[in-house]
Every structure is written in C-alpha cells, then in structure tokens.
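Notebook open, coffee at hand. Here is what I looked up in this model, entry by entry, in the order I got to it.

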Amino acid sequence: MEIGRLLFLTQALATHAIVGYALVRGFTGIDPRIGALMGIAPDVDFCFPSEWGWPFVHRGITHTPLFALAVVLSVYAVRQERALERAVGLAIGSHLAIDSLSPKGIDWLFPFQTAISPELPVHGPIATVLLWTVSIGIILFQEDLP
Ligand SMILES: [Zn+2]
C-alpha cells in the first residue's frame with residue numbers, strides 16, 4: 001500500500017475513533033473507549049478478502065443501518081443495558097453518517113445498492129479538523145461538568 005493511502009486511512013480511522021469516543025463520553029455513561037472501538041467497527045471490511053465480493057467489500061454490508069441494528073441488537077441480547085446499546089448505536093451511527101456524506105456514500109437501503117451522497121470531502125483536511133474540533137469540544141465540555 002502506498003504511503004499516501006496509508007496516511008489517509010489512518011487519519012480516517014482516527015477521525016471515526018475520536019468522534020465515537022467523544023459522542024459516547026459526552027452522551028452516555030459508558031466507557032468512551034467502547035465508542036472509539038465501535039466508531040471504527042464498520043471498517044472491519046478492510047480485512048475481508050477481495051474474492052468474497054459484494055456485499056463483503058469496503059462500504060458494503062458493514063456500512064449499512066442493517067449492520068448497525070444487528071450489532072446493537074446483539075449487544076442487547078448479551079448485556080441488556082440501555083446505555084451500552086445507545087453508546088454502540090451512537091458510535092456506529094456516527095461512522096455511517098460521516099461516510100454517507102463522502103463521495104462514495106453508503107447504501108442506506110441495503111440490500112439495494114442505492115448509495116446517494118452529497119459527495120463532500122469528509123475525510124479531507126478541513127472536515128477532519130472540524131470533526132476533531134467538535135469532538136475535542138465535547139470531551140472538554142464534559143470535563144467542565146461537576
Ligand atoms: Zn467506513
């Protein structure tokens with residue numbers, strides 16, 4: 001993998017992790033590291049062998065509301081803890097929301113391949129700085145609360 005691509009993916013994963021971390025820290029009582037982990041969970045599809053094909057490709061099944069719902073319901077089946085379900089849903093939902101705005105988009109209506117996107121550079125430098133700033137703001141705001 002070329003270095004530019006590797007840096008881009010690292011920055012994108014870091015953005016998903018910090019946004020998930022901040023949302024879970026700011027809006028649930030759950031360990032925010034779960035938010036960071038669940039924030040990057042949809043990108044597990046980078047590990048899928050290419051011969052698997054659709055829907056086991058990048059921005060395939062793991063980037064769908066169906067996947068998010070399956071993970072949240074799985075957490076519910078195991079733990080039955082509302083705050084944890086909300087944390088997992090927030091973190092994965094933030095990933096889907098960010099990626100859906102990107103030029104490639106996501107298939108909101110999976111299994112139909114219907115990616116519609118405003119084609120924003122959400123993993124570009126300006127959006128990255130904006131997402132990190134808002135996330136750090138949420139974290140710092142939480143620090144100020146009693
Ligand atoms: Zn993704």
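**Entry 1: the metal site**

I began with the zinc ion and read its donors along the chain: their spacing is D-x19-H-x31-H-x3-D. The first pair caught my eye, because Asp43 sits in the loop between α2 (32-40) and α3 (65-79) and His63 in the loop between α2 and α3, so the two tie together parts that are 20 residues apart in sequence. I also checked their cover, and both Asp43 and His63 are buried.

Next I listed the full set of donors. Asp43 (OD), His63 (NE2), His95 (NE2) and Asp99 (OD) coordinate the zinc ion, at 2.1 to 2.3 Å.

Why do the 4 donor atoms count as irregular? I looked at the angles: they run from 88 to 170 degrees. To count as tetrahedral, four donors need all angles between 85 and 135 degrees, so the upper end of the range at the zinc ion rules that out and the arrangement is irregular. As a reminder to myself, the ideal angle for four tetrahedral donors is 109.5 degrees.

**Entry 2: how far to trust it**

I should say plainly that this is a predicted model. I pulled up the confidence: the mean pLDDT of the protein chain is 94, and 98% of its residues reach 70 or more. By element, α2 has the highest mean pLDDT (98), while helix α5 (residues 125-144) has the lowest, at 92. A note for the margin: where pLDDT is low, the predicted coordinates should not be read in detail.

**Entry 3: the overall fold**

I counted elements and got 5 helices and 0 strands in the protein chain. Written along the sequence, the pattern is α-α-α-α-α. I then checked the radius of gyration: it is 15 Å, close to the 15 Å that the globule rule gives for 146 residues, so the protein chain is as compact as a globular protein of that length. The C-alpha trace spans about 50 × 40 × 25 Å along its principal axes.

For the interior, I noted that 42% of the 146 residues are buried. Taking contacts with a separation of 6 or more, 56% are between residues 24 or more positions apart. The accessible surface comes to about 8,400 Å², and 71% of this belongs to carbon and sulfur atoms.

**Entry 4: helix α2 and its cover**

I went back to α2 and asked which of its residues are buried. The list is Pro32, Gly35, Ala36, Met38 and Gly39. The cover over the buried residues of α2 includes α1 (3-27), α3 and α4.

**Entry 5: Ser94**

I then moved to Ser94, which lies in helix α4. Is it buried or exposed? Ser94 has 9% relative accessibility, so it counts as buried. Setting aside neighbours within four places in sequence, I found Ser94 in contact with Val19, Gly20 and Leu23.

**Entry 6: backbone oddities**

I wanted the unusual torsions in one place. For context, most residues other than glycine have a negative phi, and most peptide bonds are trans.

I found a cis peptide bond between Trp54 and Pro55, with omega about 5 degrees. Pro55 is in the loop between α2 and α3. Another cis bond joins Phe110 and Pro111, where omega is about 15 degrees. Pro111 belongs to the loop between α4 (82-100) and α5.

On phi, I noted Arg59, which is not a glycine yet has a positive value of about 65 degrees. Arg59 is in the loop between α2 and α3, and at 10% relative accessibility it counts as buried. Glu119, not a glycine either, has a positive phi of about 55 degrees. Glu119 is placed in the loop between α4 and α5, and with 56% relative accessibility it counts as exposed.

**Entry 7: one last distance**

I finished with Ser50, in the loop between α2 and α3. Its relative accessibility is 69%, so Ser50 counts as exposed. How far apart are Ser50 and Gly93 in space? I read 25 Å, C-alpha to C-alpha, for a pair that is 43 residues apart in sequence.

How values were computed:
Residues numbered from 1 in each chain as written. Predicted model: local features only at pLDDT ≥ 70, side-chain atom pairs only at ≥ 80, totals over all residues. Heavy atoms only, no water. Donors = N, O, S within 2.8 Å, 3.2 Å for Na, K, Ca; no water. Tetrahedral: all angles 85-135°; square planar, octahedral: opposite > 155°, others 65-115°. Helix = DSSP H or I, 4+ residues; strand = E, 2+ residues; numbered from the N terminus. Buried < 20%, exposed > 50% of the residue type's maximum accessible area, 1.4 Å probe, protein only. pLDDT = per-residue confidence, 0-100. Rg over C-alpha atoms; globule rule 2.2 N^0.38 Å. Contact = heavy atoms within 4.5 Å. Areas by Shrake-Rupley, 256 points an atom, 1.4 Å probe, with all protein chains shown as cover.
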